[in-house]
Amino acid sequence: HCTGTPGQHGEAWAPVNIALAKYWGKRNAELNLPQNSSLSISLPELGTHTRLTLTEGADTVTLNGALAPEAFAQRLSRFLNLFRPDGLGFAVETTNTVPTAAGLASSASGFAALIKALDALFDWQLDYKTLSMLARIGSGSASRSLYDGFAVWHRGEKDDGTDSYAEGLPETWPDLRIGLVEVDTSQKPIGSTAGMQQTVNSCPLYTAWPTFAEQSVQTQLAAIRDHDMEKLGDSAEHNALTMHATMIATRPTILYWTPETVQAIHTVQQLRASGTPVWFTMDAGPNLKLLLPHTAAAAVQTSFPEVRILAPFATA
Ligand code: 2P0
């Protein structure tokens with residue numbers, strides 16, 4: 001039920017997540033139903049805090065204390081229309097602890113925090129599966145940001161999306177580290193939503209992607225179960241490169257890489273060749289995210305002085 005009175009509020013926090021097996025391509029753009037399942041790791045230190053208050057007037061949206069950009073505010077209002085009590089507006093105060101333009105999807109933590117804040121506001125007390133499904137309608141990757149640690153977003157088979165949601169995995173991995181390498185913070189050429197549509201519609205390699213991506217999820221589930229760093233890193237890196245191959249082979253091409261991106265990829269390869277276990281993944285942007293065991297942190301820091309190394313799980 002979505003009834004309430006002005007002044008009623010709810011607030012929540014959700015982490016960002018990095019996909020190790022990527023979501024790329026929709027089979028239904030209205031419901032954000034994906035072409036393939038995906039698997040991610042959340043970063044507990046980075047995310048979005050959202051406070052929602054019911055108001056008499058039109059929606060207001062602030063981002064980090066300032067009026068939010070129009071496109072951002074409109075995207076939130078469109079999503080909030082699904083839950084709006086008759087005649088009321090929402091005041092949305094959202095704060096990101098995500099470094100702006102670090103190539104971390106703030107829409108994922110943003111819509112996950114928003115649906116949790118709605119759950120608190122309306123006192124739905126919905127389970128996380130249902131919240132994940134609802135967050136998905138706001139942004140596909142948000143389905144995975146309901147959870148700490150690893151999450152798998154099941155593609156689902158149904159046309160109504162009721163079987164397309166994420167679940168958290170029980171496994172922890174205290175030695176696992178994620179390194180954030182920011183090579184470029186300028187605005188990206190094309191957003192994910194349009195980029196993946198364009199890829200599905202015009203990339204001749206795309207037909208191979210959904211099957212490959214499902215295999216990546218299975219490989220990574222086994223690697224997580226066995227704490228096999230090499231298997232996880234190798235699969236994540238291959239998955240990201242294959243996704244970028246489909247982007248590059250799209251018309252017009254979607255090339256997120258800069259010269260610095262390529263340089264960073266070579267640096268990772270050189271580190272590995274000299275015995276340091278480290279792998280990379282990349283999203284819809286030029287920046288690298290590194291996977292490594294904590295024992296490789298010092299060597300990685302030497303080659304990437306600006307890297308920010310985070311522990312996704314409580315360390316021993
Ligand atoms: C991912 N990305 O799995 C992939 C990898 C970017 C590259 O999910 O249109 O912002 O809102 O459902 O979730 C980014 O896409 O797209 C994304 P919409 P979303 O993390």
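How far does a polar side-chain atom of Tyr-23 lie from an oxygen atom of the ligand? In this predicted model, the separation comes out at 2.7 Å. Tyr-23 has company in this respect: Arg-144 also places a polar side-chain atom by a ligand oxygen, here at 2.8 Å. For Thr-193, an N or O atom of the side chain sits 2.6 Å from an oxygen atom of the ligand. With the protein in place, 94% of the ligand's accessible area is covered, out of the 470 Å² that the ligand has on its own.

Stepping back to the whole shell, 18 residues surround the ligand. Thr-193 turns up again here, as one of the closest, along with Lys-26, Ser-139, Gly-140 and Ser-141. Sorted by class, the shell is a mixed bag: seven of its residues are polar, six are nonpolar and five are charged. As for where the shell comes from, helix H4, spanning residues 192-202, supplies the largest share, with three residues.

Then there are the cysteines. A disulfide is a covalent bond that joins the sulfur atoms of two cysteines. Searching the whole structure for such bonds turns up zero. Two of the cysteines can be described by their exposure. Cys-203 has a relative accessibility of 6%, so this residue counts as buried, the cut-off for that label being under 20%. Cys-2, at a relative accessible area of 26%, is partly exposed, because that label covers values between the 20% limit for buried and the 50% limit for exposed.

Technical notes:
Residues are numbered from 1 along each chain as its sequence is written. This is a predicted model: local features need pLDDT of at least 70, side-chain atom pairs count only at pLDDT 80 or more; totals for chains, interfaces and linings use all residues. Side-chain values use heavy atoms; hydrogens and water are left out. A residue is near a molecule or strand if one of its heavy atoms lies within 4 Å of it. A polar contact is a pair of N or O atoms within 3.5 Å; within protein, one must be able to donate a hydrogen and the other to accept it, and residues adjacent in sequence count only if both atoms are side-chain atoms. Accessible areas come from the Shrake-Rupley method with a 1.4 Å probe; for residues, only the protein chains shown count as cover. Helices (H or I, at least four residues) and strands (E, at least two) are DSSP runs, numbered from the N terminus. Ala, Val, Leu, Ile, Met, Phe, Trp, Tyr, Cys and Pro count as nonpolar, Asp, Glu, Lys and Arg as charged, and the others, Gly among them, as polar. A disulfide is a pair of cysteine sulfur atoms within 2.5 Å. Buried means under 20% relative accessible area, exposed over 50%, partly exposed in between (1.4 Å probe, protein chains only).
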